[in-house]
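Trainee: I have a new model open and would like to read it step by step. Where do we begin?

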Amino acid sequence: MASQIRVRFAPSPTGYLHIGGARTALFNWLFAQHHGGTFVLRVEDTDRARNTEEAAAAIYEGLQWLGLNWDEGPHVGGDFGPYFQSQRNEIYERYLKKLQDAGHIFEDQGALRFRSPREHVIVDDLVCGKIDFDLSNEQTHPDMTVRRPDGSWIFHFVNVIDDIEMKISHVIRGEDHLSNTPKHIELYRALGAGTPHFAHIPLILNRDGSKMSKRDQGASVDYYIKRGFLPEAVRNYLCLLGWSPKDNREKIPIEEIIPLFDLNKVVRSHATFDPDKLHWLNGEYARELPDDRFQQLGRNALRASGVKLENFCDDYIRAALETCKGKINTFDELAAYCGFYFDDNFNYNPEGAAKHFTSENQPRLVAVRDAFAVLDKFDAAELEATLKATAARLGIKPAALIHPTRLAVTGSNAGPSLYHLLEVLGKEKVLARIDRALTIGR
RNA sequence: GGCGCGUUCGUCUAGUGGUUAGGACACAGCCCUCUCAAGGCUGGUGCACGGGUUCGACUCCCGUACGCGCUGCCA
């Protein structure tokens, strides 16, 4: 038996999916998943119907990336369409007529307004609790406009009608709509429709307490797609913003969140978006990625950074990426981390060069080079043994050789395991790079 | 201005009258270690303020402050 739970995400096609909108969509989706209900996507394009498809594409892309697939809406259809407000004019006309016939509508300079009954309206919110709004004062609560003189519709009106028509059972939306809710309820009543359940979820703010807006870095889901974040990590992080499993877990698979998710566990206060924590959580997911997916995402990231992978053979790329597993948090860090595999003309880290390319280390590096040069097997185990033997012969600690060698072949003080990286690079490149360092380093 | 919501470490949160106020990110130190990560250990920082109620308040009530939202012929 199908559940009667129906929720919707109703974005305006702005050309990007806001991180707060994504979280609202996520909570709706989770609620639907939890109850075996239906998740509807509706595009609220009352105002700017022109480039709707194009502007909505970014929203589809963001939702799909996060795995928030809708059961009804654009592309997938459904029994309550169309799912674009710009195509629902007849429905709105019909409802307007109904209100007009009942005497709820009056004209004001060409615009149409809904006459408020002017009473107290109790909003019984699933997150915020019961709230009493006093709408009796016309000065503070003017009659809302439902239609502009040019015939276009106002959000409050069409939003309510669509929720009625689409049989939405739970309206889960941002807290910025809480104060609008009593007006909406007046409309439901005037239309003789039952009111849905409401749940207003707290807003996501910037570090400085301001509302995240389009201009803020990281306010768009697209930002995380481009920066090589993992959708499951972003989704997990978003779940933790305003909701908690209450058992101290942070990293939770979505399959485990679904049965746990409930509106009454949604926090009432605003949340500040913390990029650091997302970064950490992404690393948690990145570290346990299956090899094939890591390889795929790694290659994508390198190509996006301008690395010409076509100039290298597949085994080499594979081996190179293998040494990076578990080392990066987001894939946009990859090029900086292992770009040396694909570029012989890298620069040396200045601090590192000052510290390790010293006259004292010069002969040591030569010793390493010579030891490596006579090796037949150029694998990690052999390289490690050789380097350590060389250190012992010189009467110094392996570290005294390791650091200059790493800098010489990678240009950096940090990176993948030295012995493995040397193996991947291969004898020819390793020797050439040490030679280059010996020239430049003096 | 009016109305509404909110306020536990810097941040996300647990906590529903009696707790050494817990966890996580970030930060610092130590351990491990071929670097960097990861991992382990340790540490510091918190109940906005003022009144009540109560034997006892982070928890309940009132007020103040601060933040946010709404107050559009934006959504």
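**A turn, a sheet and an RNA strand**

Mentor: Gln-109 is found in the loop between β3 and β4. Keep in mind that this is a predicted model.

Trainee: What is the phi of Gln-109, and is it positive or negative?

Mentor: Gln-109 is a residue other than glycine. Even so, its phi has a positive value. Gln-109 sits in the turn of a hairpin formed by β3 and β4, with 2 residues between the strands. The phi is near 55°.

Trainee: How many bridges join β3 to β4, and do they run parallel or antiparallel?

Mentor: Strand β3 covers residues 105–108. One facing pair is Phe-106 opposite Arg-113, which belongs to β4. The two strands run antiparallel, and the bridges joining them number 4.

Trainee: Which residue of β7 is the bridge partner of Arg-113?

Mentor: β4 also pairs with β7. These two run antiparallel and are joined by 2 bridges. The partner of Arg-113 in β7 is Thr-145.

Trainee: Which strands stand at the edges of this sheet?

Mentor: The sheet is open and has 3 strands. Their order is β3-β4-β7, with antiparallel pairing. An edge strand here has a single partner, so one side of it is left without a neighbour in the sheet. The edge strands are β3 and β7.

Trainee: By what angle are neighbouring strands of this sheet turned against each other on average?

Mentor: Ignore the direction of the strands for this one. The average turn between neighbours is 45°.  A helix belongs in the picture too: α3, residues 89–101, lies across β3, β4 and β7. Its angle to β7 is about 130°, while the average between neighbouring strands is 45°.

Trainee: Which peptide bond is cis, and where is its proline?

Mentor: The bond has omega near -5°. Its proline lies in the loop between α2 and α3. The cis bond runs from Gly-81 to Pro-82.

Trainee: Are α1 and α7 roughly parallel or roughly perpendicular?

Mentor: Helix α1 spans residues 19–35, and helix α7 spans 231–239. Their axes come within 10 Å and cross at roughly 80°. That crossing angle makes α1 and α7 roughly perpendicular.

Trainee: Which residues of α7 make the contact with α1?

Mentor: From α1 come Ile-19, Ala-22, Arg-23, Leu-26, Phe-27 and Leu-30. The contact residues divide into 7 nonpolar, no polar and 2 charged. From α7 come Arg-235, Leu-238 and Cys-239.

Trainee: Now the RNA. Which residues come nearest to RNA strand B?

Mentor: The strand has 61 residues around it. They divide into 21 nonpolar, 21 polar and 19 charged. The nearest are Arg-148, Gly-242, Lys-327, Asn-413 and Gly-415.

Trainee: What share of the RNA atoms within 4 Å of the protein do sugar and phosphate account for?

Mentor: Take some single contacts. A polar side-chain atom of Arg-113 lies 3.4 Å from a phosphate oxygen of RNA strand B. A backbone N or O atom of Asp-276 is 3.5 Å from a sugar or linking oxygen. For RNA strand B atoms within 4 Å of the protein, the sugar and phosphate share is 72%.

Trainee: Which residue has a polar backbone atom 3.1 Å from a base oxygen?

Mentor: This contact involves a base of RNA strand B. On the protein side, the atom belongs to the backbone. The residue is Leu-418.

Trainee: Which element gives the largest share of the surface near RNA strand B?

Mentor: Several elements give two or more residues, including β4, β6, α4 and α17. The largest share is 5 residues. That share comes from α9.

Methods:
Residues are numbered from 1 along each chain as its sequence is written. Chains are lettered from A and ligands numbered from 1 in the order in which they are written. This is a predicted model: local features need pLDDT of at least 70, side-chain atom pairs count only at pLDDT 80 or more; totals for chains, interfaces and linings use all residues. Side-chain values use heavy atoms; hydrogens and water are left out. A residue is near a molecule or strand if one of its heavy atoms lies within 4 Å of it. A polar contact is a pair of N or O atoms within 3.5 Å; within protein, one must be able to donate a hydrogen and the other to accept it, and residues adjacent in sequence count only if both atoms are side-chain atoms. Ala, Val, Leu, Ile, Met, Phe, Trp, Tyr, Cys and Pro count as nonpolar, Asp, Glu, Lys and Arg as charged, and the others, Gly among them, as polar. Axes are lines fitted to C-alpha atoms, for helices over the stretch in contact, and angles run from 0 to 180 degrees between N-to-C directions. Angles under 35 degrees count as roughly parallel, over 145 as roughly antiparallel, 65 to 115 as roughly perpendicular and the rest as oblique. Contact means heavy atoms within 4.5 Å. Two strands pair if DSSP finds at least two bridges between them.
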